[in-house]
Amino acid sequence: VVAAYPGQSSGTPQIAQDGMPAVTSAPNGRPGIAVPSTPAPTDLRISTLTKGDGAVITEGQTVVAHYTGVLWGGSVFDSTWDKDRPANLVALDFTKNNGKGVVPGFAKALIGQTVGSRVLVVIPPSEGYPAGKAPSSIPDGSTMIFVIDILGTR
């Protein structure tokens, strides 16, 4: 065994920002996300739900994370919890790094957070996929919501 990571975030609970989706947790840590029936925000919104006490994530680092992605409106489009294993994500804006990394808003949500944290991020289209570049499960112009458990770095 080279490394072992916890199965979910492990930090101190924080007060969520007003107007953000509500997040619940199953006993195994899997998040449930309730999307408000209000219009989606047009700016990037990042809220730390659990503050971990591990190392700070820096730009370009590989982050081991569990996440669930939901479209504003409520449908899940991707979840590492469904695959029963976390993902290795590079904390870079893929639009500026030849396709390496994640969407800009996701990168901004990771950079500066600490290992052990759970982060809620609402990503407007301007911080998401460029037109025509999204996976088929995400319509162009969508607002995405992610709950990200930062389990470690590589």
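**Entry 1: Asn98**

I looked up Asn98 and found it exposed, at 84% relative accessibility. Exposed means over 50% relative accessible area, buried means under 20%, and partly exposed is in between (1.4 Å probe, protein chains only). I noted that accessible areas come from the Shrake-Rupley method with a 1.4 Å probe, and for residues only the protein chains shown count as cover. Asn98 sits in the loop between S7 and H2. Helices (H or I, at least four residues) and strands (E, at least two) are DSSP runs, numbered from the N terminus. I then read off phi of Asn98: it is near 50°, a positive value in a residue other than glycine. Most residues other than glycine have a negative phi.

A note on the model before going on. This is a predicted model, in which local features need pLDDT of at least 70 and side-chain atom pairs count only at pLDDT 80 or more, while totals for chains, interfaces and linings use all residues. Residues are numbered from 1 along each chain as its sequence is written, and side-chain values use heavy atoms, with hydrogens and water left out.

**Entry 2: Asp84**

I checked Asp84 next. Asp84 has a positive phi of about 60° and is not a glycine. Where does Asp84 lie? I found it in the loop between helix H1 (80–83) and S7. Asp84 is exposed, with a relative accessible area of 68%.

**Entry 3: the whole chain**

I counted two helices and nine strands in the protein chain. Along the sequence the pattern runs β-β-β-β-β-β-α-β-α-β-β. The radius of gyration is 14 Å, close to the 15 Å that the globule rule gives for 154 residues, so the protein chain is as compact as a globular protein of that length. That radius is taken over C-alpha atoms, and the rule is 2.2 Å times the number of residues to the power 0.38. The C-alpha atoms fill a box of roughly 40 × 35 × 25 Å along the principal axes.

How much of the protein chain is made up of buried residues? They make up 44% of the 154 residues. The accessible surface comes to about 7800 Å², and 50% of it belongs to carbon and sulfur atoms.

I also looked at contacts, meaning heavy atoms within 4.5 Å. Among contacts with a separation of 6 or more, 71% are between residues 24 or more positions apart.

Charges came last. The protein chain has 11 positive and 11 negative side chains, and the centres of the two sets lie 5 Å apart. Lys and Arg count as positive, Asp and Glu as negative; His and the chain ends are not counted. Each charge is placed at NZ of Lys, CZ of Arg, CG of Asp or CD of Glu.

**Entry 4: the cores**

A nonpolar core is a set of buried Ala, Val, Leu, Ile, Met, Phe, Trp, Tyr and Cys residues joined through side-chain atoms within 4.5 Å. Which members of the largest core touch the most other members? Of its 25 residues, they are Phe106, Leu110, Met144, Phe146, Ile148 and Ile150. The elements giving two or more residues to this core are strand S5 (62–71), strand S7 (87–90), helix H2 (104–110), strand S8 (118–123) and strand S9 (144–153). Another core lies apart from it, with nine residues, among them Met20, Leu49, Val70 and Val122.

I followed Leu110 further. Beyond its neighbours within four places in sequence, Leu110 is in contact with Ile57, Val63, Ala91, Ile148 and Ile150.

Ala109 is also in helix H2. Ala109 is buried, at 0% relative accessibility. Leaving out residues up to four places away, Ala109 touches Ile46, Val119, Val121 and Ile148.

**Entry 5: the loop between S8 and S9**

I picked two residues here. Pro124 is in this loop, and so is Tyr129. Is Pro124 buried or exposed? At 1% relative accessibility, Pro124 counts as buried. Its C-alpha atom is separated from that of Thr143 by 4.5 Å, though the two are 19 residues apart along the chain. Tyr129 is partly exposed, with a relative accessible area of 29%. Not counting residues up to four places away in sequence, Tyr129 touches Phe94, Val103, Ala134, Pro135, Ile138 and Met144.

**Entry 6: Arg154**

I ended in the segment after S9, where Arg154 lies. Arg154 is exposed, with a relative accessible area of 61%. The C-alpha atoms of Arg154 and Val64 are separated by 7.1 Å, with their positions 90 residues apart along the chain.
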